[in-house]
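Hi,

Here is the structure I promised to pass on. Have a look at it first, and then read on for what turned up.

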Amino acid sequence: PGEPVNKITRSVREELGPLLDQVRSDDTVRAMVLISGKAGSFIAGADIDEFVALRSRDEALALIEDGQSLLSKFADLGKPTVAAIDGACLGGGLEAALACTYRIATDDPKTRIGLPEVQLGILPAAGGCQRLPRLIGLRRALDLILTGKQLPGKRARRYGIVDELVHPAILRMAANKAAQRLADGWRPRRGRGGLTDLALEKNPLGRKVVFSTARKQVRKRTGGHYPAPLAALRAVAHGLAHGVQAGLDMEAAEFAELAVGDVSRKLVQIFFATTALKKDSGVEGDAPPPKEIANLGIVGAGFMGAAIGGVAVSQAGVDVRFRDTDLQAVGRGLSASRKILQDRLKRRRIARPEYRRLERLLSGDTGWGGFGRADLVIEAVFEDIDIKHRVFRDIEAHTREDCVLASNTSTIPIARIAEGVEHPERIIGMHFFSPVEKMPLLEVIVTDTTADWVTATCVRFGQKQGKTVIVVNDGTGFYTSRIIAPYTTEAMWMLDEGVAIDAIDNAMTDWGFPVGPVLLSDEVGIDVGAKIAPIMVAAFGERMAAPPALEAVAKDDRLGRKNGRGFYLYEKGKRQGPDESIYQLIGSNTRRVIPKDVIQRRCSLVMINEAVRCLEEGVLRSARDGDIGAVFGLGYPPFRGGPFHTIDRLGADTVVAQLERLEEKHGERFKPAKLLKKHAKTGKPFSE
Ligand code: 3HC
């Protein structure tokens with residue numbers, strides 16, 4: 001009671017255990033329904049706060065054995081049980097439902113069913129690795145357990161996890177009815193997976209194939225950095241080979257190792273930081289109420305503008321009006337944003353009538369018609385300050401006085417963009433990341449003059465679209481572009497020294513980044529990088545400078561992936577190996593080998609050090625935002641928790657010592673930030 005979600009806490013275990021014993025021994029009780037008193041929330045899982053408090057493997061073991069014995073009471077009640085699911089049914093919540101005889105879920109969009117444990121660096125350890133494969137077949141179960149994906153009610157029904165799907169209004173009634181029928185001896189008939197699944201899974205050899213394929217996929221996806229999915233695979237395999245109890249014992253043993261391990265600790269911190277950001281208005285103290293956004297104007301229907309519009313219409317259901325200088329560009333933008341909707345339709349995230357309704361909300365023109373209605377306008381034109389000045393003057397002239405004016409620039413300070421406008425208090429930065437439909441971060445940039453209601457409105461609008469939003473103070477490159485710049489530049493220095501393209505990229509993907517820094521330059525666009533570089537040097541000095549030899553690459557009509565000419569070779573849009581002609585182009589003709597760990601240290605520390613400067617200068621409001629921004633915006637390895645957690649793990653004094661050694665060898669760009677030195681002296685961690 002009093003909590004926003006139901007979780008399996010110590011007090012729940014202590015209260016529910018004896019209650020279940022009572023139900024078991026009471027002959028007048030013929031069946032039981034497990035239903036939540038909170039509308040829209042079934043059980044969100046075990047209490048994650050309890051994991052944080054765990055100090056040792058033994059404590060973790062005791063905790064999980066406690067949870068397992070509670071859920072075994074459901075399974076061994078000796079009478080039928082029905083789980084009535086509305087809202088989140090996750091982790092231990094689904095494991096409780098799996099221990100019941102029958103499951104009914106609602107078709108409400110809030111209903112999400114899954115085992116997200118691996119995303120917290122642990123495994124389903126209260127029977128999930130045993131009961132799910134037995135219910136829906138091995139391959140489907142592994143798909144859920146190893147990825148942590150969450151299913152809406154309808155898909156959970158198709159997977160065979162739930163037996164019945166109903167409207168929330170009749171959930172209780174339907175559950176009571178099912179309990180009654182089960183008490184009268186009726187049993188549901190269930191299929192289990194497809195024919196091929198059965199043929200494969202029934203014999204030990206077939207299972208071996210399934211497990212070895214899954215193991216290979218996990219290794220490829222996790223790069224060996226995340227132990228939880230492999231532990232889950234072991235627990236599933238052991239249970240299928242030796243029975244449920246042996247499987248449960250294995251689940252518990254694996255949980256005890258993982259729950260107190262470093263990876264889980266970092267992933268749990270990311271969960272809590274993300275949850276805290278959901279409630280953050282982005283404004284210190286009492287925030288004014290955010291303005292509701294119903295009409296969105298987008299100026300510049302290019303790649304980013306179109307994607308921002310498509311996501312806004314599909315996630316927030318707002319009316320989107322594009323404006324571009326020629327009709328063809330408007331048309332291309334409209335089709336690109338419609339494609340995002342079509343993709344949701346194809347994935348059955350929305351039904352056709354909803355698709356039609358949303359599609360009609362997209363429109364565009366070369367004029368300013370419709371902008372008078374806009375509550376928010378996002379500018380997504382070329383990164384050129386003169387063009388932006390012109391565009392903002394035009395936007396101001398064609399919009400209402402209470403319209404929020406945002407720029408999607410990734411580098412130009414918002415205060416510079418705001419020069420010359422009449423109402424700088426309405427100007428703000430909304431830095432979306434590409435691909436907008438997939439990237440979870442929105443970086444909101446405020447200037448000294450941005451009004452609080454404008455900040456609160458943009459933060460809320462981002463959250464409504466499912467984004468994790470960090471608010472940062474204005475400055476060149478803000479936070480994310482500022483810290484990624486020295487990271488890719490360092491890779492360029494190594495190229496200049498003769499290190500091979502793939503040696504650099506492989507070292508950084510081994511460190512945990514999804515793509516290496518050289519490939520990232522191709523993806524972002526070498527022309528974009530070349531445009532940003534002088535802006536960064538002008539703002540921060542020589543430490544941001546790239547090797548002069550690199551100019552030859554930009555001059556050689558190499559734009560990266562988009563024109564199929566970059567640091568890598570492309571054939572029909574598909575990336576091949578590194579383009580060795582680059583070495584000649586930059587005059588680096590002999591290859592030099594630098595040990596992998598040195599490449600990793602140089603690229604990562606230069607980025608981490610810049611992150612500390614952002615905190616020192618007040619660009620970042622907190623180390624927490626710096627960690628979340630890097631993980632969700634730049635693909636910084638989540639198991640490292642973000643740049644600030646990386647420092648805390650290594651020790652600020654060690655980081656300073658490593659930076660000083662690099663500074664001696666390579667110069668000023670490795671000079672440790674003042675704040676880092678301060679932490680090295682005091683020993684105080686950055687994260688609370
Ligand atoms: N443990 C502890 N606290 C939890 C929690 C959990 N499992 N789930 C949610 N909460 C807390 C949040 O921290 C937040 O707390 P606050 O109000 O003090 O900040 C509050 O509940 C509300 O959560 P949200 O703001 O996230 O509410 P939403 O409605 O946006 O989302 C949710 C609800 C979908 C349930 C989301 O909170 C969520 O995904 N929770 C985590 C689910 C999960 O990972 N479960 C697995 C746990 S591990 C497990 O069960 C192990 C087992 O195998 C033994």
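Let me start with a single residue: Tyr159 is buried, since its relative accessible area is 13% and anything under 20% counts as buried. Please keep in mind throughout that this is a predicted model.

Tyr159 belongs to helix H7, which covers residues 153–159. Leaving aside residues up to four places away in sequence, Tyr159 touches Ile136, Arg140, Asp143, Leu144, Lys149 and Leu151. One of these, Arg140, is 19 residues away along the chain, yet its C-alpha atom and that of Tyr159 are separated by 7.3 Å.

Some of those contacts lead to helix H6, residues 138–147. Which residues of H6 are buried? They are Leu138, Ala141, Leu142, Leu144, Ile145 and Leu146. So Leu144 is both a buried residue of H6 and a contact of Tyr159. Just after H6 comes Gly148, with a positive phi of about 80°.

Now for the strands. If you colour by secondary structure, try S14 (residues 427–432): six of its six residues are buried, so the strand is largely enclosed by the rest of the structure. In a regular strand, side chains alternate between the two faces of the sheet. Here Ile427, Gly429 and His431 point one way, while Ile428, Met430 and Phe432 point the other way, and all are buried.

What does S14 pair with? On one hand there is strand S13 (residues 404–407), which runs parallel to S14 and is joined to it by three bridges; Leu405 has Ile427 as its bridge partner in S14. On the other hand there is strand S15 (residues 441–446), which runs antiparallel to S14 and is joined to it by four bridges. In that pairing, Phe432 stands opposite Leu442.

There is also an open sheet of four strands, paired in parallel, in the order S1-S3-S5-S8. Strands S1 (32–35) and S8 (164–166) stand at its edges with a single partner strand each, so one side of each has no neighbour in the sheet. On average, neighbouring strands of this sheet are turned by 20° against each other, direction ignored. If you want to look at one pairing in detail, S1 and S3 (residues 81–85) are parallel over four bridges, and Val33 has Val82 as its bridge partner in S3.

Next, a helix pair. How do H20 (residues 480–497) and H27 (residues 623–634) cross? Their axes come within 10 Å and cross at roughly 70°, which makes H20 roughly perpendicular to H27. On the H20 side the contact involves Thr480, Ile483 and Ile484, and these meet Gly629, Ala630 and Leu634 in H27. Sorted by type, the residues of this contact are four nonpolar, two polar and no charged.

Finally, the overall picture. The protein has 30 helices and 18 strands, and its C-alpha atoms fill a box of roughly 80 × 60 × 55 Å along the principal axes. A compact globule of 688 residues would have a radius of gyration near 26 Å, and the 27 Å of this protein agrees with that. Buried residues make up 54% of the 688. Among contacts with a separation of 6 or more, 75% are between residues 24 or more positions apart.

Cheers

Conventions
Residues numbered from 1 in each chain as written. Heavy atoms only, no water. Pairing = 2+ DSSP bridges. Helix = DSSP H or I, 4+ residues; strand = E, 2+ residues; numbered from the N terminus. Axes fitted to C-alpha atoms, helices over the stretch in contact; angles between N-to-C directions. Parallel < 35°, antiparallel > 145°, perpendicular 65-115°, else oblique. Contact = heavy atoms within 4.5 Å. Nonpolar A, V, L, I, M, F, W, Y, C, P; charged D, E, K, R; others polar. Rg over C-alpha atoms; globule rule 2.2 N^0.38 Å. Buried < 20%, exposed > 50% of the residue type's maximum accessible area, 1.4 Å probe, protein only.
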